[in-house]
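Reader: Hi! I'd like to talk through the cavity and the ligand site in this one. Could you put it up for us?

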Amino acid sequence: MAKTALITGILGQDGPYLAKLLLEKGYKVYGLIRRYSSPHYENLQFLGIMDKINFVDGDLTDDASLLNVIKTVRPEEVYNLAAQSFVAASWEQAKITTEINALGVLSLLNAIKYFSPTSKFYQASTSEMFGLGNDNGYQDENTMFHPRSPYGISKVYAYWMTVNFRESYGIYTSNGILFNHESPLRGIQFVTRKITDGVAKIKLGMAKNISLGNLAAKRDWGFAGDYVEAMYLMLQQKDPDDYVVGTGEFHSVQDFVALAFKQIGVSDWKQYVIIDPRYNRPAEVPHLRARTTKVNTKLGWKPKVTFEELVSMMVTADIKRQEMVLKNS
Ligand code: F7E
């Protein structure tokens with residue numbers, strides 16, 4: 001019998017990469033979708049797995065739909081990747097961010113507790129929970145949380161609720177505290193895709209510049225395709241636990257910009273970049289860098305794609321996309 005997994009957030013960036021990995025391992029994959037909201041299937045199509053997913057209807061803010069899905073599917077593994085994941089939007093939409101990212105997780109955990117308590121549960125926790133918290137410039141599983149956005153705060157609630165269901169009811173729950181992870185499937189509003197999309201358009205004469213906010217922020221950027229393997233490994237252990245997942249390196253937004261322009265042979269990138277304070281955040285997280293000892297040693301996980309390879313992969317994919325747009329226009 002094939003193992004079954006339910007992925008929430010199946011249409012986002014990580015959902016399709018995780019689904020592909022689980023399909024390759026012989027899983028039957030269910031994907032939760034909000035059918036009323038005209039779902040976009042491009043990312044599943046990009047990876048060629050659209051027709052291999054069993055779609056089920058539900059929404060993290062609708063308890064009854066989650067109870068119904070968990071009761072019907074009784075998945076062996078549940079990967080909760082659904083979220084309002086755009087940090088910048090979370091100040092203006094703090095309440096809905098909390099309803100989805102915090103209370104939604106409580107609802108999903110309750111559905112598991114009542115209808116499928118042997119399901120293993122993965123929660124997409126995030127380095128945004130650390131915010132200003134650090135230990136000699138790094139963050140690991142013991143670093144204090146000091147979130148700086150309604151998004152980060154909502155994720156701290158979900159983190160502790162995930163721990164609490166493990167401690168209170170003995171349910172197998174794990175938090176993956178993932179640092180920034182990117183790919184050609186990344187949403188266009190996140191800084192990496194915004195840059196690589198802009199660079200591609202500038203190369204092809206379709207845009208003149210890119211408007212950005214704080215270039216000094218530093219992030220530990222890895223490739224999403226590598227990170228879903230860590231998610232999978234977390235649910236294959238004898239005991240549930242929480243893990244920080246990152247590369248251990250950080251780079252500034254400016255480094256990313258410079259490297260992306262280098263891909264198209266431009267060294268004087270400053271002439272193409274406009275600094276627009278509208279993209280600054282009310283409270284910024286200045287730097288995030290993972291200390292990855294636990295995930296490296298306990299799960300044997302290490303990232304495969306380097307920072308340079310990631311930037312190159314994303315620029316190449318965006319140039320290809322925009323060439324198609326030009327061809328079809
Ligand atoms: O910003 C700076 C911005 O929006 C990165 C999500 O997946 O990773 C992601 O959150 C940095 C910030 O990602 C622009 O101020 C400068 O310092 O790409 P981002 P994020 O906020 O780090 C974490 C781990 C998650 O969990 C989240 O869900 O780049 N920045 N100029 C800009 N950012 C954006 N978006 N746009 C700019 O123009």
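Author: Sure! A quick definition to start with: Ala, Val, Leu, Ile, Met, Phe, Trp, Tyr, Cys and Pro count as nonpolar, Asp, Glu, Lys and Arg as charged, and the others, Gly among them, as polar. Keep in mind that this is a predicted model.

Reader: Thanks! How many cavities of 30 Å³ or more does the structure hold?

Author: Just one. The volume of the largest cavity is about 30 Å³.

Reader: And which residues line the largest cavity?

Author: The lining consists of Val87, Trp91, Glu128, Arg148, Ser149, Arg219, Arg281, Ala283, Glu284 and Val285. By class, that lining has five charged residues, four nonpolar and one polar.

Reader: Which domains does the lining draw on?

Author: At least three lining residues come from domain 1 (4-181 + 224-245), and at least three from domain 2 (187-220 + 249-288 + 306-328).

Reader: Switching to the ligand: which residues come nearest?

Author: There are 24 residues around the ligand, and Ser85, Thr126, Lys194, Arg281 and Glu284 come nearest. Domain 1 and domain 2 each give at least three residues to this shell.

Reader: What's the class split in the shell?

Author: The shell around the ligand has 10 nonpolar, eight polar and six charged residues. Both α6 (191-203) and β8 (210-212) supply at least two residues of the shell.

Reader: Where do the backbone contacts come in?

Author: At Gln189, a backbone N or O atom lies 3.0 Å from a nitrogen atom of the ligand. At Val191, a backbone N or O atom is 2.8 Å from a ligand oxygen atom.

Reader: What about the side chain of Arg219?

Author: An N or O atom in that side chain of Arg219 is 3.0 Å from an oxygen atom of the ligand.

Reader: So how much of the ligand does the protein bury?

Author: The protein buries 96% of the 710 Å² that the ligand exposes when taken alone.

Terms used
Residues are numbered from 1 along each chain as its sequence is written. This is a predicted model: local features need pLDDT of at least 70, side-chain atom pairs count only at pLDDT 80 or more; totals for chains, interfaces and linings use all residues. Side-chain values use heavy atoms; hydrogens and water are left out. On a 1 Å grid over the protein atoms alone, a cavity is a set of points where a 1.4 Å probe fits but cannot get out, and a pocket is an open set with protein on both sides within 12 Å along at least five of seven lines; lining residues have an atom within 4 Å of a point. Grid points are joined across faces, edges and corners, and a volume is the space filled by probe spheres set on the points. Domain bounds come from an automatic or database domain assignment. A residue is near a molecule or strand if one of its heavy atoms lies within 4 Å of it. A polar contact is a pair of N or O atoms within 3.5 Å; within protein, one must be able to donate a hydrogen and the other to accept it, and residues adjacent in sequence count only if both atoms are side-chain atoms. Accessible areas come from the Shrake-Rupley method with a 1.4 Å probe; for residues, only the protein chains shown count as cover. Helices (H or I, at least four residues) and strands (E, at least two) are DSSP runs, numbered from the N terminus.
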